[in-house]
Amino acid sequence: MNGKTACRIYLIRHGETANAGEVCFNGHFDVDLSGHGKEQSRQIAEALKNLPIKAIYSSDLKRTQIGAQYVATEHDLKHTPCKELRELGFGDWEGLSIAEVNRRYPDQLKERLNDIENFHVEGGESFFQLRDRVIPTFKEIVSAHSHDHIVILCHGGVIRTILAHILEISIKNLFRISQHYASVNIIQNYDGGDPVVELMGGTHENIHPPDSPDKKMSLQ
């Protein structure tokens, strides 16, 4: 670790979705949060309220904007929705459950598992395409807040892509990174040094001021 601390990013996945009873390919499908998902979002906003947050970003989909608005209200800020931070586009699979995909498109799930990087549904995106729209936007946001604390509230695939970029993990290994609903990740940038992922796949209970004793203990 070299240099002074620079941009600190709270990279957070949205709360539980209204259709979470089945695993669904929501992608750009504009699903709402469940009641539990909204409560998870409130808990995150409460945990962040005493931190010096200067900006809040989300995708432009409802499930991330709800959580971003909770955080923005605590800090008397307006959040910025970005279409580029949307989840992977699933095309013809949008909003469908795994069972429905298997019924309508037999063997395509197997194809996807065999070629995570390049596979895309008709009308959808590959993970390479997701990376190519997300990472430039992520870099622009960080550059605009070179020494700020910021929140980026988005989606599991987007978060995995950002973490894989920072940790230099291959796209084909994205799903080795766990990201449950309302997962909290913290990335600390340094002037003249590499970014450090201080927390991956945590919860609102892992959010502490950067120099607090609780936070220091969590890194030991």
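The largest share of the lining of the second largest pocket, 4 residues, comes from α5. Helices are DSSP runs of H or I with at least four residues, strands are runs of E with at least two, and both are numbered from the N terminus. A pocket is defined on a 1 Å grid over the protein atoms alone as an open set of points with protein on both sides within 12 Å along at least five of seven lines, whereas a cavity is a set of points where a 1.4 Å probe fits but cannot get out; lining residues have an atom within 4 Å of a point. This is a predicted model, in which local features need pLDDT of at least 70 and side-chain atom pairs count only at pLDDT 80 or more, while totals for chains, interfaces and linings use all residues. Residues are numbered from 1 along each chain as its sequence is written, and side-chain values use heavy atoms, with hydrogens and water left out.

The second largest pocket has a volume of about 220 Å³, a volume being the space filled by probe spheres set on the grid points, which are joined across faces, edges and corners. Its lining consists of F138, K139, V142, S143, H165, I166, E168, I187, N189, D194 and P195. At least two of these residues are supplied by each of α5, α6 and β7. By class, the lining has 5 nonpolar, 3 polar and 3 charged residues; Ala, Val, Leu, Ile, Met, Phe, Trp, Tyr, Cys and Pro count as nonpolar, Asp, Glu, Lys and Arg as charged, and the others, Gly among them, as polar.

One lining residue of this pocket, E168, is placed in the loop between α6 and β7 (184-190). Phi of E168 is near 55°, a positive value in a residue other than glycine. E168 counts as exposed because its relative accessibility is 75%; exposed means over 50% relative accessible area, buried under 20%, and partly exposed in between, with a 1.4 Å probe and protein chains only. A182 is found in the loop between α6 and β7 as well, and its phi, near 65°, is positive too. A182, however, is buried, with a relative accessible area of 10%. Most residues other than glycine have a negative phi.

The largest pocket holds about 520 Å³ of space. Of the 24 residues that line it, R13, V23, C24, E87 and F90 lie nearest its centre. β2 (24-25) and α6 are the elements that give two or more residues to this lining, and the largest share, 3 residues, comes from α6. The lining of the largest pocket divides into 10 nonpolar, 8 polar and 6 charged residues.

Enclosed space is also present: the structure holds 3 cavities of 30 Å³ or more. The second largest cavity has a volume of about 50 Å³ and is lined by L88, G89, F90, R112, I116, F119, H120, V121, E125 and F127. Its lining comprises 6 nonpolar, 2 polar and 2 charged residues.

The packing of the interior comes next. In soluble globular proteins, nonpolar side chains tend to be buried together. The largest nonpolar core has 37 residues, and those with the most contacts inside it are I9, L11, W93, F138, I152, I162 and I187; such a core is a set of buried Ala, Val, Leu, Ile, Met, Phe, Trp, Tyr and Cys residues joined through side-chain atoms within 4.5 Å. Two or more residues of this core come from each of β1 (5-13), β3 (53-59), α5 (127-144), β6 (149-154) and α6 (156-167). The largest share, 7 residues, comes from α5. Leaving aside its neighbours within four places in sequence, I162 is in contact (heavy atoms within 4.5 Å) with L11, V134, I135, F138 and I187. Another core, of 18 residues, lies apart from the largest one, and I44, V71, V151 and I186 are among its members.

T161 lies in helix α6 and, at 1% relative accessibility, counts as buried. Beyond its neighbours within four places in sequence, T161 is in contact with F127, L130, R131, I135 and L174.

The strands complete the picture. β1 is mostly covered, with 8 of its 9 residues buried. β1 and β7 run antiparallel and are joined by 6 bridges; two strands pair if DSSP finds at least two bridges between them. Another 6 bridges join β1 to β6, and these strands run parallel. Y10 has I186 as its bridge partner in β7 and stands opposite V151 in β6. β7 is also joined by 4 bridges to the antiparallel strand β8 (residues 196-202), where V196 stands opposite Q188. β7 and β8 form a hairpin with 5 residues between them, and G192 in the turn has a positive phi of about 75°.
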